[in-house]
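Here's a walk through the fold, from the sheet and its helices to the core and a few side chains. Have the viewer open as you read.

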Amino acid sequence: MVQIELIPDFSHCIETVARKEYENLVRGYLQDGKTDSDFEDKVELLRSFLESADFRKLRKQSEEYLLKGQNIKFILYREGGKAKHKMLRS
């Protein structure tokens with residue numbers, strides 16, 4: 001199962017981090033033709049997440065923990081054919 005880890009901070013919200021990861025995957029493919037075995041799944045997972053996530057809600061949730069000094073990471077995965085995520089804090 002393909003999973004993607006995204007780590008927002010005060011400089012980059014979850015939406016920005018997801019967009020940059022998507023762009024990096026696509027750029028790497030276009031420039032070098034490099035892909036790993038899960039490349040298409042990762043690109044599709046990120047695209048689905050970017051199209052369906054409620055980023056206003058996710059920013060609010062993650063900023064709440066960041067302000068308390070906790071680190072946040074989002075794990076993206078696919079379940080039942082849909083992009084899902086979970087937020088982990090430490």
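Helix α1 (residues 14–32) lies across β1 and β2, and it runs at about 135 degrees to β1. Helices (H or I, at least four residues) and strands (E, at least two) are DSSP runs, numbered from the N terminus. Axes are lines fitted to C-alpha atoms, for helices over the stretch in contact, with angles from 0 to 180 degrees between N-to-C directions. Contact here means heavy atoms within 4.5 Å.

Some ground rules: this is a predicted model, where local features need pLDDT of at least 70 and side-chain atom pairs count only at pLDDT 80 or more, while totals for chains, interfaces and linings use all residues. Residues are numbered from 1 along each chain as its sequence is written, and side-chain values use heavy atoms, with hydrogens and water left out.

**The sheet**

What's the strand order? It's an open sheet of three strands, β1-β2-β3, with antiparallel pairing. β1 (4–6) and β3 (82–89) sit at the edges with a single partner strand each, so one side of each has no neighbour in the sheet. From one strand to the next, the twist averages 25 degrees. Two strands count as paired if DSSP finds at least two bridges between them.

β1 and β2 pair over three bridges in the antiparallel sense, and β2 (residues 72–79) pairs with β3 over eight, also antiparallel. Here are some residues that face each other across the strands:

| Residue | Opposite residue | Strand of the opposite residue |
|---|---|---|
| Leu6 | Phe74 | β2 |
| Lys73 | Leu88 | β3 |
| Arg78 | Ala83 | β3 |

The hairpin of β2 and β3 has two residues between the strands, and Gly80 there takes a positive phi near 60 degrees.

**The core**

In soluble globular proteins, nonpolar side chains tend to be buried together. The largest nonpolar core in this model has 21 residues. Such a core is a set of buried Ala, Val, Leu, Ile, Met, Phe, Trp, Tyr and Cys residues joined through side-chain atoms within 4.5 Å. Buried means under 20% relative accessible area, exposed over 50%, and partly exposed in between (1.4 Å probe, protein chains only).

The residues with the most contacts inside the core are Leu6, Ile14, Leu46, Phe49, Phe55, Leu58 and Leu76. β1, α1, α2 (39–52), α3 (55–67) and β2 each give two or more residues to it, and α2 supplies the largest share, six residues. Not counting residues up to four places away in sequence, Leu76 touches a whole list of others, including Ile4, Leu6, Leu46, Phe49 and His85.

**Side chains worth a click**

Rings of Phe, Tyr and Trp (its six-membered ring) pair if their centres lie within 6.5 Å; planes under 30 degrees apart count as stacked, over 60 as edge-to-face and the rest as tilted. That gives one aromatic pair. Phe49 and Phe55 meet edge-to-face, 5.4 Å centre to centre with 85 degrees between the planes. Phe49 counts as buried because its relative accessibility is 2%, and Phe55 is buried too, at 7%.

Lys86 lies over the face of Tyr77, 5.8 Å from the ring centre; the rule asks for NZ of Lys or CZ of Arg within 6 Å of the ring centre and within 35 degrees of the ring normal.

Is Ser48 buried or exposed? Ser48 is buried, with a relative accessible area of 14%. Its place is in helix α2, and beyond its neighbours within four places in sequence, Ser48 is in contact with Arg78 and Ala83.

Lys60, in helix α3, counts as exposed because its relative accessibility is 62%.
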